[in-house]
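User: Hi! Could you walk me through this structure?

Analyst: Happy to; here it is, and your questions can follow.

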Amino acid sequence: MTVALSVPGPAARASTVDHRLVRDCLNGSEDAWAALIEKYKSLIFSIPVKYGLARDDATDIFQAVCLEMLTELRNLREPRALPKWLMQVTSHKCLRWKQQMGRMVSTESEEAQSPEEEKPARLEEILHEAEQEQMLREAVNSLAPRCRELIRMLFYEEPVRPYQQIAASLGLATGSIGFIRQRCLDRLRARLNDLGFQ
């Protein structure tokens, strides 16, 4: 009798990586701390930007969140909850920051609102966007190196490079870029589906 072994999907692999990183952080590994910060730095930093904070203020929020993660990580019961926890902590710090600095973005009729009263739909939208962006980062990072690099060159660089330059950088024929691009995007789409991307 043969037993089919299931291969863990991207969500399960991400959860396993987080579990290992959290465990190693709690055991004092500086490399694990660096890896954990590297993994979630874009997620943390993106939230103050979405709240409209200046880059320097976003950097201060980022540092405050990292410090809180350092002090509170041992209280995290489930490592796979780390991304949502980070989003919540960052969001609360952004609201407090805006309140303290008097930088609430509001219309004339909403000037008296406190941060807690800021449009709930917008707050949910910010957290949803941040969560979706993190899923995209994790899905791209889970791709094979050539696909990851191709997607980075095609969609993350400004200005966009011509296919000839991309092909030369990756050691590919120019005519194969379109086919490989489609195959990589199909793999990315499958990983995003596994992660529950909407």
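User: How much area does the protein expose, and what share of it do carbon and sulfur atoms supply?

Analyst: This is a predicted model, where local features need pLDDT of at least 70, side-chain atom pairs count only at pLDDT 80 or more, and totals for chains, interfaces and linings use all residues. Residues are numbered from 1 along each chain as its sequence is written, and side-chain values use heavy atoms, leaving out hydrogens and water. With the Shrake-Rupley method and a 1.4 Å probe, the exposed area is about 12,100 Å², and the carbon and sulfur share is 53%.

User: How many helices and strands does the protein have?

Analyst: Helices (H or I, at least four residues) and strands (E, at least two) are DSSP runs, numbered from the N terminus. Along the sequence the pattern reads α-α-α-α-α-α-α-α. The count is eight helices and zero strands.

User: What does helix H8 span from its first C-alpha to its last?

Analyst: H8 covers residues 177-195, 19 residues in total. The expected span, 1.5 Å times one less than the number of residues, is 27 Å. The model comes close to that, at 26 Å.

User: Why do the buried residues of H8 lie on the same side?

Analyst: Buried means under 20% relative accessible area, and exposed over 50% (1.4 Å probe, protein chains only). The buried residues of H8 include Ile-177, Ile-180, Cys-184 and Leu-188. They share a side because their arc, taken from the directions from the helix axis to the C-beta atoms, is only 135 degrees.

User: Which exposed residues does the opposite face of H8 carry?

Analyst: The face turned away from the buried side of H8 carries two names to look for: Phe-179 and Asn-193.
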